[in-house]
Every structure is written in structure tokens, then in C-alpha cells.
Protein chains: 2
Amino acid sequence: MPPQRASTVAERLRLMSGELTAAERKLMVALFANYPMAGLGSITDVAREADVSTPSVLRLAKKLGFSGFPAFQEELRAELSAQLQNPISKHERWAADAPDTHILNRFATAAMENLSGSLKLMDHRAFDAIAALLADRRRTIHVAGGRITGSIAAYLVTHLQMARPGVNLVPATQSFWPQYLLDIGKQDVLVFFDIRRYDARMLEFAASAQECGAKIVLITDQWISPIARLAVHSLPLRIEAPSSWDSNIVPLFVAEALVAATVNASWRETEARIAALETLSDQGRRGK
Amino acid sequence: MPPQRASTVAERLRLMSGELTAAERKLMVALFANYPMAGLGSITDVAREADVSTPSVLRLAKKLGFSGFPAFQEELRAELSAQLQNPISKHERWAADAPDTHILNRFATAAMENLSGSLKLMDHRAFDAIAALLADRRRTIHVAGGRITGSIAAYLVTHLQMARPGVNLVPATQSFWPQYLLDIGKQDVLVFFDIRRYDARMLEFAASAQECGAKIVLITDQWISPIARLAVHSLPLRIEAPSSWDSNIVPLFVAEALVAATVNASWRETEARIAALETLSDQGRRGK
DNA sequence: CTTGCGCTGTCAAATTCGTTACACTGCTCG
DNA sequence: CGAGCAGTGTAACGAATTTGACAGCGCAAG
């Protein structure tokens, strides 16, 4: 086990720099030349880079207190990893005065990790392409969700309807689906929310819709719904939660961001619509 | 030599994400969880981290166009090295390769600020008290939302119904409200989602419900709905978004956290219910 | 000049790693 | 319902790495 005094390998090396032999100093110089990347190859690579023999590298590692070269290397990786890690891990206190184990704080941590994890996983060009589809007024939009995700789908529809005409929510009742398919045209866009416990019926529905010529867009979890095979664009999201069920915060996030992107993409047409909606709402309010 | 089309391994993975198998997706998720460090251990480590077998890692590497795992790893190291020398990498990146001004990144920043701001604003004892009310099976729960927040209310109802009996969604159609009031009893709990553009009708409804003896719980924004005067507990949340409309991510967050807290508070009773639900779902699936 | 000590590189053993071959599982299609 | 297939894991092989042992070299002290 490495000593606890100096936290990093670099620090430990500097502390010991007085007691290093010639070969070890060559190694140190080579390592600092681009730290810590230079230490991440095989022991052979490191030795050749510093122009010393392989055992010299091993001897240095042991001198620094590691059990062997792999242990040394793992420490380097851990340091680098910590350095790269998102500052999210900076334990910024969440709910004031509540313990870290409080459900609010645990959920907050999970939500943050899901969000940043999803964004790393996500292809932003797919996102942009979806927004462009949604902004295309020649296309009719249909949004479908399952038992749980139905609320998210409804949320997306509510907002999209404020931004553009021709937006429909696919009914939750599955027996309506066959007749609903009748209204799906060649240029239509179908947005599916499908997260695990994937619904086999929804897959069938997607297949039928695709045969009608509709474009399929999928918002799913990291394990990816089978509908992905039919979709022109898929967004895999992280949805883990410290709970009996999954978290739909990130799907909602995506829905909101898609609406905003859609509005941006067709601002000229949307502007007037939003203004008209405002007027109508005010009238409705005053009228009562 | 790897193909030149996509410059980074991450990019290549995203391009191929549609053609990945289940094990390969697990690897992708694990790799992105801390990219690219997660790929720098031995092939055994990488496999264990993603919970797949060693050959699956190798297969993915070959699928991406590398001659073998070492070639794949060397590419990752090269990327990391380049990234470390560029000061750009200091920017904690959200969506990979997307500019900071991309709507996804702006929304992500807003979501984080809303969440941490809400938690600092929130009284966690009020939260716990609400959870205790929701967990009390002697009380019937009613959840109401407005035009926008209706979806969030529906989401809360869907989940609460899985955890306990006696949970109702107040219908969105306002003309049903008078008759709905008939069913509200003395010990009932009414959860309102009311964020700005507060609905005057909802305030009236809340007042009537309170006169029936129901306990009012309010989830609102930082400007606080007038219903707060009637409520036994209020949770003010931050909901700003870089968009024409407000963000309901934090309200959804609260809904999910409340469900989890409710489940925790009455686990003994809930456990059996969840198990029964599982059984019924499976039967329903197999039965069809 | 010689002796002894410490450092370093060469070599080979042991272990771990990367890779290939094969068998099993679950799904799709006839 | 059975055959075929894609996908996955287990197990064995070969390759590379890591590590220990040993011998040569240089330096310093006697």
C-alpha cells in the first residue's frame, strides 16, 4: 500500500528526488515530460521512452512504495480520473441541514449523474435532427408513451402544440391503435418514449407505423428499446433512481429541450403563434 | 489502422450505436460513464466494470475497426493525451463536441441551477411531512395540476397508485370540479401543482376543498401561488428555463422523490402491493 | 592499483493478459 | 414446435508483460 503522506505520485517523486539514482532520475524526467500520460503504457514502453531498462522502472515503482508496476499504474490512472471527473462530485450541499442520506439528496445526486451521463451518451446531432423534424410544419407529429412515460409524452404534446399545429398524442388505450394508424401519413413523425419493461405492443405499433412510411424517433433508456431498429434517430438516456422505479427526469429534460430547439428552429412562424396564444388566454381569463 | 471517418472513439461509438448489441451497449455506457479513463485498464478490468465477458470487449474493439484491444487502448490514450494538452478540456463538457451555447448545454446548466437552488430553498421537514401524509393509508389522496402541470400531476398519480390505494387524479376538465368536491372527505389530502400564470379557478377549488376539511399540499414556483395561504405545507421550486416556457424538471423531481419517500415510509404495506403488481403485470403480458 | 559496494542491464521464469474456439441461450422464422 | 441464427459466456491456448536472479560495469576508498 502506498504511503499516505504525499497524495500524488508526482508529489512522492519530488519528495524522494534526492535519493534517486541516475536511471530513476531519467525516468522521472521522462514521466514529467508529459505527466501522467507517459506512465500509462506498458512497462516496456515506459522504459524505452526513458531509455532505461524494464527492471529499473519496476525498481522505481517499488521505491515509491507500490507493490509492483501495475499498482503504480493504477494509481496514475486514478489520479488522472479524479482530475478529469466532473466537478459534480464536489459535494455541494444540497438540501440545507438534511443529511446526505436524506432521500432528497440521494435523488438529487442520482438526477445529476443521470443528466450528465445522458449528455455524454447522447449524440447531439441526432438531437438536432429530431428538432428539425419536429420543426417541419409539413409533417404531422405523433407522440406515444407507455404506462409510465405516457405523462411525459403528454407533456411534450402540450408544449409542441403551443409551438406548432399538427401535433397529436397517441391514445394510451391500445385498442384505439389500429384505427389511429389510419391517420398516419407518409411524411409523419412518430416520437416514442419507451423505457425498460419495453412494451411488445408498442414495438408492433412502431413497425406498423413505419410501414405506413412514417419516420420513427425514439427516446429510450441506456439499454435501448428494440424500437431502435426501426427508428431514424434514437436518444439513449440514463434513468436510474434510488427507488423502486426509474426516474423520468432526463426524458422530461429531453422533451423540454426538444421543444425549445423546435421553437428556435422555426422562430419566425412560432413567434406569431405564441403571441396569438397569449391573446386568447388573456381573453379567456378576462372573459370569465 | 482505424478508419479516418470519425476522429474519436466516442464519435465512432455514437455513429455505430444503432448496430450495437446488448453487451456492447453496456460497454458503451460504462465507457462513457468516465471517458476515456474507463477504457484504460486491462481488458479484464474493462469487462468487469461493464459486467460483460472479456471477449465481448474484444469484439467491440474489432467492430470499431481496431486490430485488437491494445490498438483500441492506444487510440484512447492518444485521444486523452491530445485532450490534456488542449486547454479546451478545462471546460467541463456536457454534450460531447457540442458548443457551450448548444441548447442541450444551456438547458443542462439551467436544470442544475434550478435543482440545487430549489433544494437550498426547500424545507426538508415540510417534504418529510408531506411524505408522511401521502403514506397515511387512512387518507385518500387527490392530485391536481393545471394545463401544463397536469402531466406532472398524472405522473405522480401513476406512481402513487402503484404504492398505495386511494389515489385519484383531479380531472383536468374544470366543469367536473363541483361534483368532484362531493367526494372529498375530512381527512383527505389534496396535492396541487400550481406554477406561474396561477389559475384563479384552481385557487377557488382549493378553497372549497379546504372548507370540506381536506389538507392542502402545494408544489409551486419560487413566486409562490396564492394557494399557499390555504396549504399546510408548500414547496417552492425554481423553474427557470432558457425557453419560452418554464421548466417542470424540478416539479417532476419532487414528485419522484415524494413517491420514493412515501414508499420508504410504509414499506411493510407497500412491499406486498408492489409484488402483487409485478405478478399481475407478468400475467397480463403472458396472457396475451 | 585493487577491492568492494552499489547501480544497471540481460536473461529467463512466472504470471497475467489478449485471443481464439466452442458450446450454450434466447429469439425469429418457417 | 423445431430448426437456424445471432449473441454471449466459458474455457483453453498463445503471447506479452511483469518480475526475480544474476552478472557486468563504474566509482570510491583503502
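Helices (H or I, at least four residues) and strands (E, at least two) are DSSP runs, numbered from the N terminus. This is a predicted model: local features need pLDDT of at least 70, side-chain atom pairs count only at pLDDT 80 or more, and totals for chains, interfaces and linings use all residues. Residues are numbered from 1 along each chain as its sequence is written, while chains are lettered from A and ligands numbered from 1 in the order in which they are written.

**Exercise 1.** Find where A:P36 lies, and state whether the peptide bond from A:Y35 to A:P36 is cis or trans.

Step 1. Locate the proline. A:P36 sits in the chain A loop between α2 (22-33) and α3 (43-50).
Step 2. Read omega. For the bond from A:Y35 to A:P36 it is near -5°.
Step 3. Assign the bond. It is cis.

**Exercise 2.** Do the same for B:P36 and the bond from B:Y35.

Step 1. In chain B, the loop between α2 (22-33) and α3 (43-50) holds B:P36.
Step 2. Omega from B:Y35 to B:P36 is near -5°, and the bond is cis.

**Exercise 3.** Give the sign of phi at A:D51, then decide: buried or exposed?

Step 1. Phi of A:D51 is near 60°, a positive value in a residue other than glycine.
Step 2. A:D51 belongs to the chain A loop between α3 and α4 (54-63).
Step 3. Apply the cut-offs, with C-beta atoms placed from the backbone: buried means 20 or more other C-beta atoms within 10 Å of the residue's own, exposed 12 or fewer, partly exposed in between.
Step 4. A:D51 has 10 other C-beta atoms within 10 Å, so it is exposed.

**Exercise 4.** Classify B:R197 by phi and by C-beta neighbours.

Step 1. Phi of B:R197 is near 70°, positive in a residue other than glycine.
Step 2. B:R197 lies in the chain B loop between β3 (189-194) and α10 (200-211).
Step 3. B:R197 has 13 C-beta neighbours inside 10 Å, so it counts as partly exposed.
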